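Please open the structure in your viewer and keep the selection tool at hand. Each stop on this tour names something to select and then says what is there.

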Amino acid sequence: MPRLLVVHHSPTPGVQALTDAVVAGAGADGIEHVEVVVRPALEADADDVLAADGYLLGTTANFGYMSGALKHFFDTVFLQAGGALTDDGSAGGAGGGARKPFGLWVHGRYDTTGAVRSVLGIVGALPWRQAAEVLEVVGDVGEDERSAAYELGGTVAALLDS
């Protein structure tokens with residue numbers, strides 16, 4: 001059975017509401033053959049990543065960057081998860097072969113631009129492929145934002161459902 005790994009940092013009620021909606025969407029009726037594994041970013045490890053067939057990532061936007069917790073996740077799993085580095089040590093493009101689907105949601109109080117850029121920069125060096133538009137939420141989380149998060153979870157899970 002394909003495994004979908006949800007890695008998130010959800011320190012506020014708004015971000016937790018988005019996370020809950022993403023997870024609910026990933027387990028929606030009609031998606032029957034996907035195991036959804038949810039891990040806080042500070043608890044997820046390389047074994048979780050290697051056992052997964054797809055990924056959903058959630059973070060806050062902090063000071064123009066992803067959360068420290070999600071950055072720690074990437075720091076600890078990057079090389080084991082197939083990340084590629086250039087000669088100068090920066091993230092490089094991932095090699096060929098099958099690329100696993102991922103989705104991303106980011107919540108910021110005022111802006112999400114830097115956080116999205118930082119996550120996509122790292123993920124671009126992993127053997128993953130973006131499977132859905134990034135869900136960027138600025139300000140309060142309402143029904144429309146929760147609905148979009150549900151859709152994001154369902155979209156990535158449906159790609160794994162066979």
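**A buried aspartate**

Begin by selecting D48, which lies in helix 2, and bear in mind throughout that this is a predicted model. Is D48 buried or exposed? With a relative accessible area of 12%, D48 is buried, because buried means under 20%. Now add R39 to the selection, and you will find that the side chains of D48 and R39 are joined by a polar contact of 3.3 Å. If neighbours within four places in sequence are left aside, the residues in contact with D48 are L5, R39 and E43.

**The largest nonpolar core**

Next, select L57, F73, F74 and W128, which touch the most other members among the 31 residues of the largest nonpolar core. The elements that each give two or more residues to this core are strand 1 (3–8), helix 2 (46–51), strand 3 (54–62), helix 3 (68–77), strand 5 (100–108) and helix 4 (113–123). In soluble globular proteins, nonpolar side chains tend to be buried together. Keep L57 selected and show what surrounds it: apart from neighbours within four places in sequence, L57 is in contact with V7, F73, F74, F102, G103, L104, W105, V119, V123 and W128. There is also a second, separate core of 20 residues, and to find it you can select A17, I31, A132 and A157, which are included in it.

**Two helices and their buried residues**

Turn to helix 3 and select A69, L70, F73, F74 and V77, which are its buried residues. These residues lie on the same side of helix 3, because they cover an arc of only 140° around the axis. On the other side of helix 3, select G68 and D75, which are exposed. What do the buried residues of helix 3 pack against? Their partners are strand 1, helix 2, strand 3, strand 4 (65–66), helix 4 and strand 6 (128–130).

Then select helix 1, residues 13–26, whose 14 residues reach 20 Å from the first C-alpha to the last, close to the 20 Å expected at 1.5 Å a residue. Within helix 1, the buried residues are V15, A17, L18, T19, A21, V22, G25 and A26, and they pack against strand 1, strand 2 (35–40), strand 3, strand 5, strand 7 (135–138) and helix 5 (143–160).

**Aromatic rings**

For the next stop, display the aromatic side chains, among which the structure holds 3 aromatic pairs. Select Y55 and W128, whose rings have their centres 3.9 Å apart and their planes at 15°, so this pair is stacked. The pair links distant parts of the chain, since Y55 is in strand 3 and W128 is in strand 6, 73 residues apart. Y55 counts as buried at 2% relative accessibility, and W128 counts as buried at 2% as well. Now move to F73 and F74, which form a tilted aromatic pair, with 5.3 Å from centre to centre and 50° between the planes. Finally, add F102 to Y55 and W128, and you will have selected a cluster that is linked by ring pairs.

**An exposed phenylalanine**

End the tour at F63, whose place is in the loop between strand 3 and strand 4. Most residues other than glycine have a negative phi. The phi of F63, however, is near 55°, a positive value in a residue other than glycine. With a relative accessible area of 89%, F63 is exposed, whereas F73 and F74 are buried.

Technical notes. Residues are numbered from 1 along each chain as its sequence is written. This is a predicted model: local features need pLDDT of at least 70, side-chain atom pairs count only at pLDDT 80 or more; totals for chains, interfaces and linings use all residues. Side-chain values use heavy atoms; hydrogens and water are left out. A nonpolar core is a set of buried Ala, Val, Leu, Ile, Met, Phe, Trp, Tyr and Cys residues joined through side-chain atoms within 4.5 Å. Buried means under 20% relative accessible area, exposed over 50%, partly exposed in between (1.4 Å probe, protein chains only). Helices (H or I, at least four residues) and strands (E, at least two) are DSSP runs, numbered from the N terminus. Contact means heavy atoms within 4.5 Å. A polar contact is a pair of N or O atoms within 3.5 Å; within protein, one must be able to donate a hydrogen and the other to accept it, and residues adjacent in sequence count only if both atoms are side-chain atoms. The arc is that of the directions from the helix axis to the C-beta atoms. The expected span of a helix is 1.5 Å times one less than its number of residues. Rings of Phe, Tyr and Trp (its six-membered ring) pair if their centres lie within 6.5 Å; planes under 30 degrees apart count as stacked, over 60 as edge-to-face and the rest as tilted.
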